[in-house]
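Reader: Got a minute to walk me through a model? I'd like to go over the helices, the core and any odd backbone spots.

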Amino acid sequence: MTSKILPKLVVFDLDYTLWPFWIDTHVTPPFRKDKNIIVDLHGSKVDTYKESTLVLQKLGELKCDMAVASRTSEIDGANQLIKLLDWESFFKYKEIYPGCKVSHFKQFHKLSNIRYEDMLFFDDERRNIMDLRKLNVTCILVEDGMTLKLLHEGLKQYAEKHK
């Protein structure tokens, strides 16, 4: 399924990439687990895209370092949800704060010493994809949430770019 040429860092946006909502407007933190279901302050169920966890597990099996880059202003809520989803162990780096995604990636580069061209990025917003392509990051537009098929496509594009 995958090439031997793998990215040194795979980065995910959160809103409408790993979960189907904007954390700062569509749900209300704090979150809690209630019988293995995560709910928000009002008791509304909070879910991820069906294959998000599978995607993270697959990259973990491939020994790829992963990170989160989110522009949300709901920093505490995003971090809490990542923890409740048991995703913390997947992410070596987390840059969650408002601003341009370029600043998130500059921080990843600074912390990891990984070149931009050795990174793969998944996001639902074209503006972020456009900004990061200028840095030579391999970028994949996520239109209906993260899937294993989309992960495979991203890894394939990354490998072809690095042959």
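Author: Sure, let's take the packing first and the backbone oddities after that. One thing up front: this is a predicted model.

Reader: Fine. Which residues form the largest nonpolar core's best-connected set, and how many residues does that core have?

Author: The largest nonpolar core has 34 residues, and Phe12, Phe91 and Phe122 are those with the most contacts inside it.

Reader: Which elements give two or more residues to this core?

Author: Strand 1 (9-12), helix 1, strand 4 (65-70), helix 2 (75-84), strand 5 (91-96), strand 6 and helix 5. The largest share, four residues, comes from helix 2.

Reader: And what is Phe12 in contact with, leaving aside its neighbours within four places in sequence?

Author: With those neighbours left aside, the list for Phe12 includes Leu18, Val55, Leu56, Leu59, Met66, Val68, Phe91 and Met146. Phe121 and Phe122 are also among its contacts.

Reader: What about a second core, which residues does that include?

Author: There is a second, separate core of 16 residues, and Phe108, Ile114, Phe121 and Leu132 are among them.

Reader: Let's stay on Phe121. Where is it, and is it buried or exposed?

Author: Phe121 sits in strand 6. Its relative accessible area is 0%, so it counts as buried.

Reader: What does Phe121 contact, leaving aside neighbours within four places in sequence?

Author: Quite a list: Val11, Phe12, Asp13, Lys101, Phe105, Asn128, Leu132, Val137, Thr138, Cys139 and Ile140, again leaving aside neighbours within four places in sequence.

Reader: Asn128 and Leu132 are both in there. Which residues of helix 4 are buried?

Author: In helix 4 (residues 126-133), the buried ones are Asn128, Ile129 and Leu132. Looking down the axis of helix 4, those buried residues fall within an arc of 100°, so they line one face of the helix. Arg126 and Met130 are exposed on the other side.

Reader: Why would residues like that end up on one face?

Author: An α-helix has 3.6 residues a turn, so residues three or four places apart point the same way.

Reader: OK, and what do the buried residues of helix 4 pack against?

Author: Helix 3 (101-112), strand 6 (119-123) and strand 7 (138-141).

Reader: Now helix 2. Which residues are buried there?

Author: Gly77, Ala78, Leu81, Ile82 and Leu84 are buried in helix 2. Down the axis of helix 2 they fall within an arc of 165°, so these residues line one face too. Asp76 and Lys83 are exposed on the other side of helix 2.

Reader: And what do the buried residues of helix 2 pack against?

Author: Strands: strand 2, strand 3 (37-39), strand 4 and strand 5.

Reader: Switching to helix pairs. At what angle do helix 1 and helix 5 pack?

Author: Helix 1 (residues 52-61) and helix 5 (residues 148-161) pack at about 40°, and their axes are 9 Å apart. That angle makes helix 1 oblique to helix 5.

Reader: Which residues make the contact?

Author: From helix 1 it's Leu54, Val55, Lys58 and Leu59, and from helix 5 it's Leu148, Leu151 and Leu155. They divide into six nonpolar, no polar and one charged.

Reader: Right, backbone oddities. Where is the cis peptide bond?

Author: It joins Pro29 and Pro30, with omega about 0°. Pro30 is in the loop between strand 1 and strand 2.

Reader: What else is in that loop?

Author: Tyr16 lies in the loop between strand 1 and strand 2, and it has a positive phi of about 60° although it is not a glycine. At 27% relative accessibility, Tyr16 counts as partly exposed.

Reader: Why flag those at all?

Author: Most residues other than glycine have a negative phi, and most peptide bonds are trans.

Reader: And Asn113, what is its phi, and where does it lie?

Author: Phi of Asn113 is near 65°, a positive value in a residue other than glycine. Asn113 lies in the loop between helix 3 and strand 6 and is exposed, with a relative accessible area of 65%.

Reader: Last one: where is Asp24, and what does it contact?

Author: Asp24 is in the loop between strand 1 and strand 2. Leaving aside neighbours within four places in sequence, Asp24 is in contact with Thr72, Ser73 and Glu74. Asp24 is partly exposed, at 37% relative accessible area. Asp24 and Ala78 are 54 residues apart in sequence, with 8.7 Å between their C-alpha atoms.

Note on methods:
Residues are numbered from 1 along each chain as its sequence is written. This is a predicted model: local features need pLDDT of at least 70, side-chain atom pairs count only at pLDDT 80 or more; totals for chains, interfaces and linings use all residues. Side-chain values use heavy atoms; hydrogens and water are left out. Buried means under 20% relative accessible area, exposed over 50%, partly exposed in between (1.4 Å probe, protein chains only). The arc is that of the directions from the helix axis to the C-beta atoms. Contact means heavy atoms within 4.5 Å. Axes are lines fitted to C-alpha atoms, for helices over the stretch in contact, and angles run from 0 to 180 degrees between N-to-C directions. Angles under 35 degrees count as roughly parallel, over 145 as roughly antiparallel, 65 to 115 as roughly perpendicular and the rest as oblique. Ala, Val, Leu, Ile, Met, Phe, Trp, Tyr, Cys and Pro count as nonpolar, Asp, Glu, Lys and Arg as charged, and the others, Gly among them, as polar. A nonpolar core is a set of buried Ala, Val, Leu, Ile, Met, Phe, Trp, Tyr and Cys residues joined through side-chain atoms within 4.5 Å.
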